[in-house]
Amino acid sequence: MKREITITINDEVHTATVEHRYLLVDFIREIAGATGTHVGCGFEGRCGTCTVVVDGYAVKSCLMLAVQADGAKLLTIEGLARGEELHPLQAAFRDLHGLQCGFCTPGFLMTLYDFLKDPIDSEDAIRHAMSGVLCRCTGYVHIVAAVRQAIAVLAAMTPTERARWFPL
Amino acid sequence: MYPKPIERYFAPRNLEEALRLRAEYAAECALIAGGQSLLPRMKARLASHRTLIDLNHLENLTGIESVMDCVRIGALVRHRAAAADPRLRQTASALSDAAQAIGDLQVRNRGTVIGSLCEGEPASDIAPAAIALGAHLRLKHTVGERLVPVTALKSGVIDPREVATHLEFVTPTPGTFSAYLKVGRAAQDRPIIGVAALVVFDREGRSTRAVIVVGGVHPAPQLALRAAATVKDVLLTSRLLTTAGEAAAAEIATQDDTMASAQYRSQLIRSLVPQVLAQVLARFRQEAR
Ligand SMILES: Cc1cc2nc3c(=O)[nH]c(=O)nc-3n(C[C@H](O)[C@H](O)[C@H](O)COP(=O)(O)OP(=O)(O)OC[C@H]3O[C@@H](n4cnc5c(N)ncnc54)[C@H](O)[C@@H]3O)c2cc1C
Ligand code: FES
Ligand code: FES
């Protein structure tokens, strides 16, 4: 019923023995203590606020078992900034009011992190990329504007500078 | 919500081992690929399994390859990879359209094309596209294998000792163009109606073969044979496309359920069939240029 697993979250290695049915999102929140990753739905996996980056891809951590992530490298919202320096996407959300209560924000940032690795700068493409995260208070207009700013800021960087913001 | 306790979890590295475990635990086990259909069901307690066999670590099932005159898609090809594959986009666009139409970015990152066919859910985007391409599922068990046409997939067809390893179809001949379009309740939703169309054009632009498949209807996707006949052996015009839409709406039986009324579904068929055929025609014209 249980298994020992090791998951690297934001460069920190966490080893624990968990039940097979234990969800990845609970490993992140309860074992690694990274509570920036939120939970917004019961079973359906539709709100997207639990999104984290697993081995480079944005996935909903409520739709993955922790045992399935044994050996994986994760990036969560806590790993996005470099010390005091915000990720260009975080800075853009702050500058352009991409959040109010902030409940959905970790899901948007981690989903858009994946999109921004190879972005398409169009409103349509951005809206499609973030259709798996629901925001119930800010609305999407400011978020789209923030993503466009982040695309521009990242595009102006040298490839090495840009790569620094995409460790996974 | 939490799945019921899972007693055993296996993550085999090779297919032989997966097949052996599958045979050993048979009806009490479930295979898990992307888990995007299985885990919500297990969390909602609509399903419970004492044994899970995780396919994600199997080797050699992550590719889209050409083998002889066939295209073979491995069991671990995610929707995202299928949607982005240049060869599929070129020769089997209906399938890349369908993969791109699924859920959202996160679901496409994890969910597999084959998992979508194995879940036995009528509201699937992949099934109509796979049927339009004449695709088969390769099912293996410890001592043999068989090919089952996607049209024959309903719940119970896959034996609890089998693993689907590949989706296969004959590489469409030059002049073949296809597309898939859907309407769901929201951007990330399953199809209320989804329509796949495939047309083979000759040099003059006449259609020599046409297939139209409507998904989102019960109990499985249906072939719109009369609608397809209206666009065969002709030069496609916008009037003909409208006629095809009318024919499909008339011949496909639709159902009322929590997602939509039967009448609304018929209306969607009437409007989607011409749109998807127009897309096929646009792809043909673009290449003809
Ligand atoms: C938020 C959300 C939105 C969604 N939107 C859509 C949508 O728009 N359109 C749509 O069609 N679907 C949608 N889905 C459903 C989902 O995308 C697919 O059902 C999913 O991709 C199936 O693939 P999987 O690999 O995740 O399958 P899993 O969940 O791993 O498995 C599904 C079933 O197939 C079986 N299975 C899997 N692989 C094999 C195999 N190789 N051999 C034999 N049996 C196998 C499993 O045992 C299980 O019973 C959505 C799901 C979510 C959570
Ligand atoms: S908690 Fe809502 S999608 Fe995961
Ligand atoms: S900022 Fe409150 S839900 Fe999005």
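This passage describes the two domains of chain A, the contact between chains A and B, and the surroundings of ligand 1.

The model is predicted, with local features needing pLDDT of at least 70 and side-chain atom pairs counting only at pLDDT 80 or more, while totals for chains, interfaces and linings use all residues. Residues are numbered from 1 along each chain as its sequence is written, chains are lettered from A and ligands numbered from 1 in the order in which they are written, and side-chain values use heavy atoms, with hydrogens and water left out.

We may start inside chain A, where the domain assignment gives domain 1 (2-79) and domain 2 (88-164); such bounds come from an automatic or database assignment. Their C-alpha centres lie 22 Å apart. In contact (heavy atoms within 4.5 Å) are 18 residues of domain 1 and 15 residues of domain 2. Between them the two domains bury about 1,200 Å², 63% of it on carbon and sulfur atoms; buried area is the accessible area (1.4 Å probe) that two parts lose on being put together, summed over both. No salt bridges (a side-chain nitrogen of Lys or Arg within 4 Å of a carboxyl oxygen of Asp or Glu) are found across this interface. The rule does find five residue pairs in polar contact there, both residues at pLDDT 80 or more. A polar contact is a pair of N or O atoms within 3.5 Å; within protein, one must be able to donate a hydrogen and the other to accept it, and residues adjacent in sequence count only if both atoms are side-chain atoms.

Turning to the two chains, 32 residues of chain B are in contact with 31 residues of chain A. Chains B and A bury about 2,800 Å² between them, 55% of it on carbon and sulfur atoms. Of the area that chain B buries against chain A, 24% is supplied by Tyr2(B), Tyr9(B) and Gln106(B), more than by any other three residues. Three salt bridges are counted between the chains; one of them joins the side chains of Asp189(B) and Arg46(A) at 3.2 Å, N to O. The count of residue pairs in polar contact between chains B and A is 19.

Finally, ligand 1 has 37 residues around it, of which Leu31(B), Gly34(B), Gly35(B), Thr112(B) and Asp125(B) come nearest; a residue is near if one of its heavy atoms lies within 4 Å. Residues from chains A and B surround ligand 1, so the site is shared between chains. A backbone N or O atom of Gly34(B) lies 2.7 Å from an oxygen atom of the ligand. Polar backbone atoms of Ser37(B) and Arg190(B) lie 3.0 Å and 3.5 Å from an oxygen atom of ligand 1, respectively.
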